[in-house]
Amino acid sequence: MIIDCHGHCSIDGSYFMSADDTVRSMDLYGVDRICCSAPITEDEAVPGLVRKHNDLILGSMRKHPTRILGMCFVNPGYFREAQDEITRCVVDNGMTGVKLYHQYCINEPVQFPVIERCIELGVPILMHAGYPAAPELRQQQPRLSTGAHFADVAKRYPEAMLICGHIGGGGDWERQLKGLREAPSVFLDTSGSVIDAGMIERCVRELGIDRLLFACDGSMERGLGKIVDATLTKSQRTKLYSANFLRILARRAI
């Protein structure tokens, strides 16, 4: 089984790839299931728009119930609305977990109520992350979470299931690994268009195979290619492709 834990789609193709096209890509590349969200990447992540984006995922889940798992996007800056959206999407409609973008860093106090709610429900949080090498790119995302930010919040909430997004998302991925060394409870997904030679093997050496989750973030050919090319044992591939994520799903408390 192959589970892509970091994807994006919409029921009608109005935002990201359509649900139908996503499933066609999955069939082409042999991916069994995918976790999809529709995050708002700009700062204007107001509650009404957040709800509309989550509805795109709910529709995708209903159309492809055996293939698409949903991740509920929220803006923690709206406390009550974020909590209500988690109830609506995760508790009432079966979404797998919560997706956070760069409206805030993962270790800012505004995130704590969302993290605590996810601990209560036993569901993971997938967080947009990275460390752009160019200063001007860092200025464009001043609240982009780094491995060090994850390590900081993991000390406060070691029981949280935090997923650091796309190690291959660009920038200084080796710096990300250094930060994550100090956060043994944090998972890392392998997605991103960067396919540097030896990146996956380095992740295994630094963090251990049990902390790695297979993901593509929309780049299925690259996402799969970097794993196929990596020097991994059969057991390691099984854990990476699905077993580790299934272990996360098994901790759901609702």
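# Exercises on a predicted structure

Arg 88 and Glu 85 form a salt bridge, with their closest N and O atoms 2.7 Å apart. A salt bridge here is a side-chain nitrogen of Lys or Arg within 4 Å of a carboxyl oxygen of Asp or Glu. This is a predicted model, in which local features need pLDDT of at least 70 and side-chain atom pairs count only at pLDDT 80 or more, while totals for chains, interfaces and linings use all residues. Residues are numbered from 1 along each chain as its sequence is written, and side-chain values use heavy atoms, leaving out hydrogens and water.

## Exercise 1: salt bridges

Task: Which residues are linked with Glu 85 in a network of salt bridges?

Solution:
- Step 1. Start with Arg 88 and Glu 85: they are three residues apart in helix α3, so about one helical turn separates them. Helices are DSSP runs (H or I, at least four residues) and strands are runs of E (at least two), numbered from the N terminus.
- Step 2. Check the surroundings: both Arg 88 and Glu 85 are buried. Buried means under 20% relative accessible area, exposed means over 50%, and partly exposed lies in between (1.4 Å probe, protein chains only).
- Step 3. Look for another partner: Arg 51 also meets Glu 85 in a salt bridge, at 3.8 Å from N to O. Because Arg 51 lies in helix α2 (residues 47–63) and Glu 85 in helix α3 (residues 79–91), this pair ties together parts that are 34 residues apart in sequence. Arg 51 counts as partly exposed at 42% relative accessibility, whereas Glu 85 has 6%.
- Step 4. Put the network together: Arg 51, Asp 55 and Arg 88 are linked with Glu 85. The count of salt bridges comes to 12.

## Exercise 2: the sheet

Task: Which strands stand at the edges of the sheet?

Solution:
- Step 1. Read the order: the open sheet has eight strands, β1-β2-β3-β4-β5-β6-β7-β8, with parallel pairing. Two strands pair if DSSP finds at least two bridges between them.
- Step 2. Find the ends: β1 (3–8) and β8 (212–213) each have a single partner strand, so one side of each is left without a neighbour in the sheet.
- Step 3. Try a pair inside the order: β3 (residues 68–73) and β4 (residues 97–100) pair in the parallel sense over three bridges. Within this pair of strands, Cys 72 has Val 98 of β4 as its bridge partner.

## Exercise 3: positive phi

Task: Is His 166 buried or exposed?

Solution:
- Step 1. Recall the background: most residues other than glycine have a negative phi.
- Step 2. Look at the angle: His 166 has a positive phi of about 35°. His 166 sits in the loop between β6 (162–164) and α7 (173–180).
- Step 3. Apply the cut-off: His 166 counts as buried, at 8% relative accessibility.
- Step 4. Take another case: Phe 16 has a phi near 65°, also a positive value. Phe 16 lies in the loop between β1 and α1 (19–29), and counts as partly exposed at 35% relative accessibility.

## Exercise 4: the nonpolar core

Task: Which residues have the most contacts inside the largest nonpolar core?

Solution:
- Step 1. Fix the term: a nonpolar core is a set of buried Ala, Val, Leu, Ile, Met, Phe, Trp, Tyr and Cys residues joined through side-chain atoms within 4.5 Å.
- Step 2. Name the residues: in this core of 63 residues, they are Val 98, Phe 150 and Leu 188.
- Step 3. Turn to the second, separate core: this one has 13 residues, including Leu 126 and Phe 187.
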